[in-house]
Amino acid sequence: MENRKLKLYVGADHVSAFAMSAFVALKEKQLSFELVPIDLKNRENYLPVYRDLSLTCKVPTLVHENFALAESSAIAEYLDELTPGHTKLYPQGIQQRARARQLQAWLRSDLLVVRRERPFDLVYFGKKDLPLSVDAQAAVERLLFVADHLLEEGAEHLFGDWSIADTDLAIMLNRLVANGDPVPARLETYVQRQWDRDSVRAWMDIERKAPAIA
C-alpha cells in the first residue's frame, strides 16, 4: 500500500461524524493518506470535479488510485478487503460481522431526530441547553437499549476485539454524553474508552474553529 496514494475528502470544518469514522478506519489500518478538505458551506461538494468523484456529492470520499468511494461504512469495508493483513475493522465471525454491519446501517438510517437535536458539533464546541423533544427521547431510549444489549457486561468492546462499529456507536452515544444528557455509567465509560484510542485522538486533535454565533 505504500506506493498507492490514498486521499480522504472531508468537510473543511472537520466536524462530520461520518468523516471521523472513515478517518479512524484509515488510522486503525495504519495507512498513509492525504486529508483533503472540501468547503461544504460554499458548496464545493456540488462542483463537477467533486461530484464526478463522489457520485453523491457527500463526504467523506476515499480515493485510491483511480477508484473513488463515498459512504463511511462502504469505505471501511473496502479498506478491510484491500488490506487483509492489517488491523481488522470488522469482527472475524460471520454473525458478529453481520451484526456490526447491521448496527452501522441502523445508526446511519435511524435516529435522525437525535442527530438533529444533538448535532455532533457539540462534541467539539460544548453543550446545548435545549431539552430533547418527545420524539428524540424515544429515539434515545432505542439507542440506549441497543447499546446496552450489544455491549456485554464487563466487555470493553462490542464484539470481543475493537471494530469500527465501536467507533460508530460511541460517536452516536457521545452526542448525549458531551451534552450532559443521562447515559448509563457503563456506556459513558465505553464512550471514553473509544475516545482514548489513538485514531480518535488524532481526529480530535485537528484544529477547528467554533461556528460563529448568530
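Let's start with one ring. Phe125 is partly exposed, because its relative accessibility is 29%. Its neighbour in a ring pair is Tyr124, which is buried at a relative accessible area of 15%. A word of caution before going on: this is a predicted model.

How do the rings of Tyr124 and Phe125 sit? Their centres are 5.9 Å apart, and their planes are at 55°. So the pair is tilted. These two also belong to a cluster. Ring pairs link Phe120, Tyr124, Phe125 and Trp195. Keep Trp195 in mind.

The structure holds 7 aromatic pairs. Here is another one. Phe23 and Phe33 have ring centres 5.6 Å apart, with planes at 85°, so this pair is edge-to-face. Where do the two residues lie? Phe23 is in helix H1, while Phe33 is in the loop between H1 and strand S2 (34–38). The pair therefore ties together parts that are 10 residues apart in sequence. Both Phe23 and Phe33 are buried.

Now the overall layout. The domain assignment gives domain 1 (6–87) and domain 2 (94–197). Their C-alpha centres lie 22 Å apart. How many residues are in contact across the two domains? On the domain 1 side, 14 residues; on the domain 2 side, 15 residues.

Next, the core. In soluble globular proteins, nonpolar side chains tend to be buried together. Here the largest nonpolar core has 60 residues. Which residues have the most contacts inside it? They are Leu8, Met20, Leu158, Leu169 and Trp195. There is Trp195 again, the one from the ring cluster. Domain 1 and domain 2 both give residues to this core, so it lies between them.

Take Leu8 as an example. Leaving out residues up to four places away in sequence, Leu8 touches a list that includes Ala19, Ala22, Phe23, Leu26 and Phe33. Phe23 and Phe33 are the edge-to-face pair from before. Leu8 also touches Pro60, Leu62 and Ile75, among others. Apart from the largest core lies another one, of 6 residues. Tyr9, Ile38, Tyr50 and Val59 are among them.

On to helix H9. Which of its residues are buried? Leu187, Tyr190, Val191, Gln194 and Trp195 are. Look down the axis of H9, and these buried residues fall within an arc of 135°. So they line one face of the helix. The general idea is simple: an α-helix has 3.6 residues a turn, so residues three or four places apart point the same way. What covers the buried residues of H9? The cover includes helix H1 (17–28), H6, H7, H8 and helix H10 (198–204).

Now for charges. Side chains of opposite charge can pair when their charged atoms come close. The count here comes to 11 salt bridges. I'll show three.

One is Arg101 with Glu77, with the closest N and O atoms 3.5 Å apart. Arg101 is in helix H4 (residues 94–109) and Glu77 is in helix H3 (residues 72–82), so the bridge ties together parts 24 residues apart in sequence. Arg101 is partly exposed, with a relative accessible area of 32%. Glu77 is partly exposed too, at 26%.

Another is Asp181 with Arg118, and here the closest N and O atoms are 2.6 Å apart. Asp181 lies in the loop between helix H8 (164–177) and helix H9 (185–195). Arg118 lies in the loop between helix H5 (112–117) and helix H6 (121–125). So this pair ties together parts 63 residues apart in sequence. Are these two buried or exposed? Asp181 and Arg118 are both buried.

The third brings us back to H9. Glu153 and Arg186 meet in a salt bridge at 3.7 Å, N to O. Glu153 is in the loop between helix H7 (134–150) and H8, and Arg186 is in helix H9, so parts 33 residues apart in sequence are tied together. Glu153 counts as exposed, at 68% relative accessibility. Arg186 counts as partly exposed, at 22%. Salt bridges that share partners join Asp148, Glu153 and Arg186 into one network.

Last stop, Ser73. It is found in helix H3, and Ser73 is buried, with a relative accessible area of 18%. Which residues does Ser73 contact, leaving aside neighbours within four places in sequence? Tyr90, Gln104 and Arg108. That's my tour.

Terms used. Residues numbered from 1 in each chain as written. Predicted model: local features only at pLDDT ≥ 70, side-chain atom pairs only at ≥ 80, totals over all residues. Heavy atoms only, no water. Salt bridge = Lys/Arg side-chain N within 4 Å of Asp/Glu carboxyl O. Helix = DSSP H or I, 4+ residues; strand = E, 2+ residues; numbered from the N terminus. Buried < 20%, exposed > 50% of the residue type's maximum accessible area, 1.4 Å probe, protein only. Arc of directions from axis to C-beta. Contact = heavy atoms within 4.5 Å. Core = buried A, V, L, I, M, F, W, Y, C linked by side-chain atoms within 4.5 Å. Domains from an automatic or database assignment. Phe/Tyr/Trp six-rings, centres within 6.5 Å; stacked < 30°, edge-to-face > 60°.
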